[in-house]
Structures are given as structure tokens and as C-alpha cells.
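Me: I am new to this structure and would like to learn how to read its features one by one. Could you take me through them with care?

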Amino acid sequence: MTQSQLSMLTGIRPNAISDLYNEVALSIKFDHIDKICEVLQCDLSDLFEYTPNKRPRTGKYLIIEEHGNQKKKRQEK
């Protein structure tokens, strides 16, 4: 199936399908996951694989965004 066909069958914008295909999407809507699984007759685990981060991004490593783009490491108490 082409990206264009998947877009037409799911109603998801072609750019969103392309971003997912090329692994550059920063997020995905639950509704899109549901539609893709329905069209492809697959399970969530057929679409996604969890790969742990090389550097932790939570807990003491959490980055808190202030004023939009400014990032600052959270202070430990």
C-alpha cells in the first residue's frame, strides 16, 4: 500500500503519513493510530517498537521548558 492510499483510506493528511513513515514525526494522535490499525488490520505492536533512550529524559534528567523555547535542567531538592 502506498502512503497516498493509506492517507485516502484513513483520512489522515499525506504529510502526517509521510512524517510517520520517515520516522520524523514528533507525536501521533490516538485517533490516527486507531485508523491506521483498522485499515491495515493490525495491532499496535505491529506499528511501534520501544527503544529506550541512550540518555534518560525523566527524573533528575527532566528538562523543564520555561517561556517557550528556553530549556533549563531541573534543580534537585
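Reply: Let us begin with a loop residue: Glu23 sits in the loop between α2 (14–21) and α3 (30–40), where helices (H or I, at least four residues) and strands (E, at least two) are DSSP runs numbered from the N terminus. The model is a predicted one, in which local features need pLDDT of at least 70 and side-chain atom pairs count only at pLDDT 80 or more, while totals for chains, interfaces and linings use all residues. Residues are numbered from 1 along each chain as its sequence is written, and side-chain values use heavy atoms, with hydrogens and water left out.

Me: What is the phi of Glu23, and is Glu23 buried or exposed?

Reply: Buried means under 20% relative accessible area, exposed over 50%, and partly exposed in between, with a 1.4 Å probe and protein chains only. Glu23 counts as exposed because its relative accessibility is 73%, and its phi is near 60°, a positive value in a residue other than glycine. Gln41, in the loop between α3 and α4 (44–47), has a phi near 50°, also positive in a residue other than glycine, and Gln41 is exposed, with a relative accessible area of 73%.

Me: How many disulfides does a search of the whole structure find, and why is there no bond between Cys37 and Cys42?

Reply: A disulfide is a pair of cysteine sulfur atoms within 2.5 Å, and the search of the whole structure finds 0 of them. The closest cysteine sulfur to that of Cys37 belongs to Cys42 and is 4.0 Å away, so the two are too far apart for a bond. Cys37 is buried, with a relative accessible area of 13%, whereas Cys42 is partly exposed at 22%.

Me: Which residues make the nonpolar surface patch?

Reply: Patches are made of residues with over 30% relative accessible area and no salt bridge (a side-chain nitrogen of Lys or Arg within 4 Å of a carboxyl oxygen of Asp or Glu); like charges are joined within 9 Å, and nonpolar side chains (Val, Leu, Ile, Met, Phe, Trp, Tyr) within 5 Å. Here Met1, Leu9, Leu40, Leu44, Leu47 and Phe48 make a nonpolar patch of about 570 Å², the areas coming from the Shrake-Rupley method with a 1.4 Å probe, and for residues only the protein chains shown count as cover. Met1 is found in the segment before α1 (3–10), and it counts as exposed at 60% relative accessibility.
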